[in-house]
Amino acid sequence: MKRAWTWIDDRLNPILVKEVRQALRSRFFLGTYGLALVMATGIGMFVLMGADSDELGTIFFGTVYACLAAATMGLVPFQAFLAAGGGWDAEKTNILLLTDLRPAQIVRGRLLSSVTQSLLILLALLPFLGLAFLLPGVDLGVAGVVLVTTLIFSAYLSCLTIAASWLTSNKLLRVLLMTFLGGSLLWFTGVAVALGIEMLDHPDNMADDEFWWAWAAIVLHGGAVAAFAFAAACARIAHPEENRSRPLRLLTLVVTAALLVAIYVLMDQTSSPDDEMVVALAAYGSLTLTVPFAFFLTEPERLGRRVRIDLPRRRLLALLTAPLQPGGGNGFVLLLVTCAAFFGVLILAPPPNVDQWRDEYLPGLLTCASYLIIAVGVTTPFFARWTERTPVRILAVLSAPMFCAAAMLAPAFWGFVTSDRDLERFRHVGNPVYTMEQVFRGSGDGYEPLLFLGVITVLMLNVPRVIRGLRLLRSAGASTST
Amino acid sequence: MSCLEVQSITRVFDDLKAVDEVSFSVEAGQICGFIGPNGAGKTTSMRICATLDLPDDGDVLVDGMSVLSHPREVRRRLGFMPDYYASEPNMPVADYLDFHARAQGLRGPSRTRAIREVVEFTGLGDLVAKDCSALSKGMRQRAGLAVTLLHDPALLILDEPAAGLDPRARVELRALLSVLAEQGKGVLISSHILTELSEICDVVAVIEQGRIRASGKVSDIQRRLQPDPLYFLRALAPPDVVEQRLLEQPGVHAPRQQDQGVVFALRGQEQDLARLVHALVAQDLPVVELRQLHADLEEVFLSLTDGKVQ
Ligand SMILES: Nc1ncnc2c1ncn2[C@@H]1O[C@H](COP(=O)(O)OP(=O)(O)OP(=O)(O)O)[C@@H](O)[C@H]1O
Ligand SMILES: [Mg+2]
């Protein structure tokens, strides 16, 4: 027994052990813990005395659940923000980096300690939840789903707050961030409690297939966001001369592949597969991809010394790794590769029962791809030479959404000035929603040449930095091999 | 093979060359003093050796492992004590050590043993139960040293470990470092307190404005700077007069006044010294003190650096 424990103890994440020990000694955690217990007891008693017997279980469970949700989705992630905030300061991070721990282990340790705290709180409230089950009106299955979902989202939120805590070390900004996170967590907890109670009130919803589809979609979306936050946190503590963007780039490819799989599964499952649905999902995918690519396309155009050392010795191989190497030029290569893979698969091997030669399928997909490439590719190359500086980088990232907003608003404004009704009502190519409507209606308003021109322009604008990036790779690969 | 081999590293911040083609090496069992004025680039160089920063050019080998290509292997072989102490709230020293031992990958009995040994060695004793954010300066240094020793590194890099310590704590630190060197570890230690270093360092590297001004044994550097032996002479006469008389003698050069007497260099052998004393006494100069000055780090430091701060 003792040997088994030593074996486990040795393999626990050191940060987890440290943080749990610290949390157990900290007032914040003990306060949270005590408060949850006291509130659950107090409110529970109150409810028990006042409510009529049919609903008793649901109301009691709902109350205890509210306490649990507030603690696990509100206070625990918030505590993760505070704890990580202390740990991200340069001095402490340096001390951690001097040990044998890898960045991923450090972030995982912090995350696991949040999960452990949530589990401890659940454990404390378990007697109350048990009591609720004895009362009439609580469906065990629903309650289980609600609790599991809560714990999953508690972990997701902790990922986000851990990543958010390194955004800035500026005191004032940290306070603002803290306020914002506090508010968001509170709001999120409120929504979660409302949803949880809604589910308890209508347990038969769960018999529905659609409920599970929605559940899976929400959990997977949250998971993708949390995974990005996790990878970003790891990247942040990795050395700047190392390839910090590779994990994020790989994750983008994985998420894109997952979306593709989801589209195929969904089309296989639904009774009436629909090409418009595929195009709509692809549009959704393109929209979300603009976020990571706005970051990849604005990375500083240089290879750190460690990146150069890690390059494959053969020049050709080094060139082939371009999409995964840091730098905006290489980011553009990744964008092209991702688009080619995602849309290529959808076009060449369409989902079951979807006809790729139906009117709107091909134009729809090509339109999505064009908008994605144009949205992130027009403004970013202009900043390429100065993105080493953080303010320029931030500006470069923001330039993409600003460009999109301008493309939407400027023609409308022009329409307002010249009293052009169509432009005034956002009926122009700068508005992707309108363009997609046109595609579905099959009345391509002559938008194709414009989009095509846009894509060609973006390609021309980005060719110089892509070439520069590739040259850098080639020379670096060659210099390390000698 | 050297324990630490710094090969012409350069580090540029914006347009400031904080470290400029710095090279030196530390052998196993050697204590190397790294001295230089404020802003000379000591911390920057040490951070590069400890893999926390990367040189823009050049490389550092720790036990033959490059900080550029094998940072993890380097980290396993060295213990770095920065010039600050990062304490953790709500954590006794024992847990702090336990955490670092785990983070260094020590498991089971070997972890317990490593912790016991470093606690014994650094004399932390009963302090292990104290909260680690509530330690005094001296105790922090001990805790810091204990952390760097946990994984039994071959090379120790200590950034200003003696700063802020009282004389007794300094003597104790010195004793600890000597023991570590005897165990065959290489030690690189930076400090401003030169007297402190001269007593324990086998070799020194003097850095100023990012460049190494001299490195090697203190006596060797001294000899290179000042090939002739230095003497101190005091007489019952004003130092001006003494200096004047000395300059009249053959072989005397570079005199300067110090502590009511005169320090000067004398070209030649001991016979020349005897001849000088004879001549001075023959001139009725009432000499009361004459002694040879030995290589002094402070002396070396002051003559090598010109006090410009970056
Ligand atoms: N991260 C940094 N960014 C910009 N400049 C830096 C950075 N770190 C150090 N410097 C500069 O490099 C020079 C060398 O600094 P360093 O800390 O290495 O000196 P030091 O010899 O350790 O000085 P001290 O004795 O005061 O500790 C200084 O001019 C410093 O301002
Ligand atoms: Mg320093």
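The questions and answers below concern a predicted model.

Q: How many helices and how many strands are there in chain A?
A: Chain A has 482 residues, of which 46% count as buried. Its C-alpha atoms fill a box of roughly 70 × 60 × 45 Å along the principal axes. The count for chain A is 19 helices and zero strands.

Q: Which domains does the domain assignment of chain B give, and how many Å apart do their C-alpha centres lie?
A: Chain B is assigned domain 1, covering 2-216, and domain 2, covering 227-294. The separation is taken between the C-alpha centres of domain 1 and domain 2 of chain B, and the value is 43 Å.

Q: Which element supplies the largest share of the shell around ligand 1?
A: Ligand 1 is surrounded by 14 residues, and the closest are Asn38(B), Gly39(B), Lys42(B), Thr43(B) and Thr44(B). Two elements of chain B, strand E2 (16-26) and helix H1 (42-49), each supply at least two residues of this shell. The largest share is three residues, and the element that supplies these is H1(B).

Q: How many residues of the shell around ligand 1 are nonpolar, polar and charged?
A: The shell around ligand 1 consists of 14 residues. Sorted by class, these residues are five nonpolar, seven polar and two charged.

Q: What percentage of the accessible area of ligand 1 does the protein cover?
A: Oxygen atoms of ligand 1 come within contact range of chain B: one is 2.6 Å from a side-chain N or O atom of Thr44(B), and one is 2.8 Å from a side-chain N or O atom of Lys42(B). A polar backbone atom of Ala40(B) lies 3.1 Å from an oxygen atom of ligand 1. On its own, ligand 1 has 640 Å² of accessible area, and the share covered by the protein is 62%.

Q: Why is there no disulfide between Cys368(A) and the closest cysteine sulfur?
A: Cys368(A) is buried, with a relative accessible area of 4%. A disulfide needs two cysteine sulfur atoms within 2.5 Å. The closest cysteine sulfur to that of Cys368(A) is in Cys339(A), which is too far for a bond because the distance is 10 Å.

Q: How far away is the cysteine sulfur nearest to Cys32(B)?
A: Over all chains, the structure holds zero disulfides. Cys32(B) is in no disulfide either, and the nearest cysteine sulfur belongs to Cys201(B), at a distance of 6.9 Å.

Q: Is Cys32(B) buried or exposed?
A: A residue counts as buried under 20% relative accessible area. The value for Cys32(B) is 2%, so Cys32(B) is buried.

Q: Where does Asp14(B) lie, and is it buried or exposed?
A: Asp14(B) is not a glycine, yet its phi is positive, at about 50°. Asp14(B) lies in the loop between strand E1 (4-13) and E2 of chain B. Exposed means over 50% relative accessible area. Asp14(B) has 79%, so Asp14(B) counts as exposed.

Q: Where does Thr51(B) lie, and is it buried or exposed?
A: Thr51(B) is a residue other than glycine with a positive phi, near 70°. Thr51(B) lies in the loop between H1 and strand E4 (57-62) of chain B. The relative accessibility of Thr51(B) is 4%, so Thr51(B) counts as buried.

Terms used. Residues are numbered from 1 along each chain as its sequence is written. Chains are lettered from A and ligands numbered from 1 in the order in which they are written. This is a predicted model: local features need pLDDT of at least 70, side-chain atom pairs count only at pLDDT 80 or more; totals for chains, interfaces and linings use all residues. Side-chain values use heavy atoms; hydrogens and water are left out. A residue is near a molecule or strand if one of its heavy atoms lies within 4 Å of it. A polar contact is a pair of N or O atoms within 3.5 Å; within protein, one must be able to donate a hydrogen and the other to accept it, and residues adjacent in sequence count only if both atoms are side-chain atoms. Accessible areas come from the Shrake-Rupley method with a 1.4 Å probe; for residues, only the protein chains shown count as cover. Helices (H or I, at least four residues) and strands (E, at least two) are DSSP runs, numbered from the N terminus. Ala, Val, Leu, Ile, Met, Phe, Trp, Tyr, Cys and Pro count as nonpolar, Asp, Glu, Lys and Arg as charged, and the others, Gly among them, as polar. Buried means under 20% relative accessible area, exposed over 50%, partly exposed in between (1.4 Å probe, protein chains only). Domain bounds come from an automatic or database domain assignment.
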